[in-house]
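Trainee: I would like a close look at one part of this model. Please take me through it step by step.

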Amino acid sequence: MKKILLSVLLSAPLWVLGQGFQVNLQGQKQIGMAGAGSALALDEASVFFNPGAVTFLEKNSVSAGVNPLLFKSAFQQSGSNVTENVKNKIAPPFEFYAVWGPKSNKWKLGLGVYTPFGGLVDWGNDWSGKYSLTSLNLKAIYFQPTLSIKITDRIGIGAGFVYNHGDVNLQRALPVNYPDGRSGHVTLDGTGKGYGWNAGLYIKTLSNISFALVHKSKVVTKLDGGTAEFDVPNSLRSSFPAGNTFNAELPLPATTSLGVGIPLSKSTALAFDASWVQWHVYQDLTFNYAQPVNGSSQTKSERNYHDGSSFKLGINHQASEKLALRAGVGYAFSPVQDGYVTPEAPDANRYILSAGLGYTPTSHFEVNASFFFEDVRSRKQKNIETGLDGTFKTLVYAPGISLTYKW
Amino acid sequence: MVGEITMKKYILNSFVAAAILFTAACKPEIETPAGTTAGQANFSKYIAIGNSLTSGYADGGLYLEGQKVAYPNLIAAKMATVGGGNFTSPFFTDAQSNGSGYISLSALVNGTPTLTPVPGNGWRDAPTNTRLFKYSGEIQNLGIPGMRVDLAFAPAFSAANPFFERILTDAQVGATTYFQYVQTKNHTFFSLWLGNNDVLGYALNGAVTVPTDPTTTLTDKVNFSSLYANFLNALTAGGQKGVVATIPDVTSIPYFNTVKPSLLLAAAKAANPAAQALFIQTGTGAVRAATDEDLIRLPFQSAGLFGQGTIPYGLHPLNPIENKWVLDKDEVAKVKDYVNSYNSSIKSLATSKGLAIADTYAYFNQVKTGLNIQGVGINAAFISGGAFSLDGIHLTPRGNAVIANVFIDAINAKYGSTIPTVDITQYRGVKFPN
């Protein structure tokens with residue numbers, strides 16, 4: 001007998017998306033209203049919220065905004081008295097919009113560049129869930145040229161083509177030990193692209209109550225030739241070849257929204273949005289490696305996501321000619337089933353609270369600010385695949401500001 | 001303009017307020033009962049009674065790194081939050097840190113491990129290496145490698161066993177039994193994981209009892225039960241509470257499941273396609289072809305016997321693998337029967353005393369199947385499984401952490417205590433050469 005077969009069974013690096021990765025920060029005014037506003041032709045962010053409403057915007061405009069986001073997640077292993085927290089890292093969701101059309105015409109062109117999905121979670125290299133994940137940095141940047149057409153004075157339709165540029169960096173520890181006792185480590189880093197569309201219908205009734213129906217398609221983002229770097233003791237190197245690459249597909253889900261806008265007075269409007277986020281596209285995650293990793297060229301992890309949904313109610317009040325005040329509340333249902341919660345997206349149902357204000361010093365210039373807060377409910381879980389067993393609790397804070405020039 | 005300035009101030013103030021809220025922000029809180037109460041137990045002086053597993057023996061030896069992560073030490077550290085006191089162990093000094101010596105994994109080429117001895121520096125009679133440096137301090141980790149339920153009542157064993165001799169005074173050596181020794185500690189709480197060697201010693205010798213070596217015998221079932229009862233009576237004499245552990249199925253450890261007959265035969269066929277079967281000598285003296293129901297001891301891999309000789313060793317009925325290397329199918333059944341009998345005694349005696357039971361028998365059966373704990377896959381495979389050290393019998397630090405939690409869960413469930421669990425991800429498996 002020459003050999004004792006040694007199989008180092010290491011489960012695949014995981015990759016999980018959740019409501020947690022759906023970033024609901026695409027326009028300062030709407031953020032101030034908890035993310036509602038698809039049925040209000042509020043501003044150039046309608047390129048994202050409802051392309052059908054873009055043509056009803058009175059002015060041409062460009063705007064840019066940013067919402068530094070702090071994702072504060074805590075974990076406690078079942079039975080432990082130690083609470084571990086993610087490191088304070090600020091993710092920068094941003095948005096840029098431009099809308100242009102000849103005055104008093106039936107059409108407008110728009111462009112949106114925004115970050116509808118993303119995640120920045122760094123648990124550190126030595127926390128108790130390190131063999132599931134140490135850090136994730138995920139960015140999806142959507143570029144969306146849009147055409148919006150007024151069919152009647154009260155009905156508009158619009159559609160945009162979406163190109164997604166995605167960046168992913170995912171790291172975790174491997175439960176193999178060096179002679180000094182430290183663990184191995186894997187870093188997956190890749191860039192990908194995907195395509196989709198965004199279309200909306202805007203209807204303003206005779207009572208001035210407005211309705212919106214918007215569908216944002218799924219965007220399957222393909223990552224080709226990402227680098228898979230395994231730091232393992234040299235005696236295991238043949239099982240974890242150096243210079244390896246991977247391909248993977250990342251399905252970003254479709255969202256269908258129904259919106260209602262209700263003018264309460266000349267200066268005050270309510271907005272309500274109900275969204276159905278079609279996460280069922282995320283059934284499994286498969287990585288294909290150029291060179292076999294631990295004897296296998298493919299790893300497949302079950303995800304079995306359900307669809308998620310959210311309900312958001314916002315109010316916009318024009319306090320004076322120059323000052324607008326906003327507030328919103330919302331609730332979102334997680335798509336992540338019991339047994340599939342992970343540290344990448346420690347997801348659960350969540351409350352949303354927001355506030356915002358807008359200031360318009362001149363007819364050309366506008367500044368908007370918002371504060372967005374999410375309370376992700378505490379969730380005690382044992383992950384089916386990894387056995388990570390504990391309670392997650394997450395709070396999200398995102399202040400934001402944008403500048404707009406109109407003409 | 002005045003209004004505008006006020007407005008700007010207002011916006012600015014709002015942002016300052018938001019920024020303060022943001023930075024102060026309120027870490028998410030998770031409420032926990034862990035670490036708040038000892039329940040009905042008193043952990044102020046915990047003692048751990050047992051064998052090599054309790055002492056932290058690993059990789060074929062007792063050495064400092066293993067001692068420090070012995071499961072009782074991990075449990076005791078967690079008891080500190082619920083009234084646990086100091087916990088002392090007979091640690092080797094830094095100068096003696098290799099203890100009795102152990103084995104390390106020095107190379108792994110195409111899955112073939114090379115195991116290299118690390119010489120012990122804990123022997124006071126080197127190079128004879130029969131006597132370890134004495135330890136005279138207070139001791140609460142009372143695990144003695146090689147200790148058995150039957151030999152715990154034999155005064156001579158305190159002289160014969162170097163690990164026990166090490167912690168005794170000269171007057172006690174050869175005179176004091178382990179059973180007497182463990183009653184001298186004024187404990188308030190105890191763990192008892194003893195009995196493995198009453199069957200393992202027999203199994204590790206290929207189910208061959210050496211008449212002159214009492215560590216190779218099987219302890220009689222009835223005798224086991226009555227001696228175990230003596231232990232529980234003595235340890236609870238002052239009304240103390242404690243936890244006992246069942247004995248794992250010794251046939252499920254890597255020591256008996258790595259060098260499989262089918263793998264040996266496949267290797268032989270690769271070298272010589274004429275090889276037809278693997279032949280073993282059973283406990284009855286019969287010679288027959290082996291199946292994977294017959295277990296071959298791990299050291300056979302490096303014994304340099306297989307296929308040797310004009311009549312190739314192990315591949316011909318006239319030169320079978322000797323009985324001592326093999327736990328044949330019938331011997332496996334016998335060993336399992338003894339384990340089951342001991343365990344039913346342990347459970348019924350502990351139940352009658354109202355003690356917590358850590359069912360390590362059931363737990364190791366799960367380990368054999370394989371399980372994922374906190375992102376770490378653990379199974380009973382040699383080297384790669386992560387739970388068993390390089391001797392294929394004893395636990396890695398990770399294995400000790402996992403077992404510590406089995407004890408903690410049992411204690412908490414029985415006494416309503418909330419000893420926090422051990423974070424197993426802080427403890428290593430086998431060290432792989434770099």
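Trainee: Which residues are buried in helix 11 (residues 261–271) of chain B?

Mentor: First, the ground rules. This is a predicted model, where local features need pLDDT of at least 70, side-chain atom pairs count only at pLDDT 80 or more, and totals for chains, interfaces and linings use all residues. Residues are numbered from 1 along each chain as its sequence is written, while chains are lettered from A and ligands numbered from 1 in the order in which they are written.

Now the helix. Pro261(B), Leu264(B), Leu265(B) and Ala268(B) are buried in helix 11 of chain B. Buried means that 20 or more other C-beta atoms, placed from the backbone, lie within 10 Å of the residue's own; exposed means 12 or fewer. Helices here are DSSP runs of H or I with at least four residues, strands are runs of E with at least two, and both are numbered from the N terminus.

Why do these buried residues share a side of helix 11 of chain B? They sit on the same side because they cover an arc of only 95 degrees around the axis. That arc is taken from the directions from the helix axis to the C-beta atoms. There is a general pattern behind this. An α-helix has 3.6 residues a turn, so residues three or four places apart point the same way.

Next, look at both faces. The buried residues of helix 11 of chain B pack against strand 8 (295–296) of chain B. Contact requires C-beta atoms, placed from the backbone, within 7 Å. The face turned away from the buried side carries the exposed residues Ser262(B) and Ala270(B).

Conventions:
Contact = placed C-beta atoms within 7 Å.
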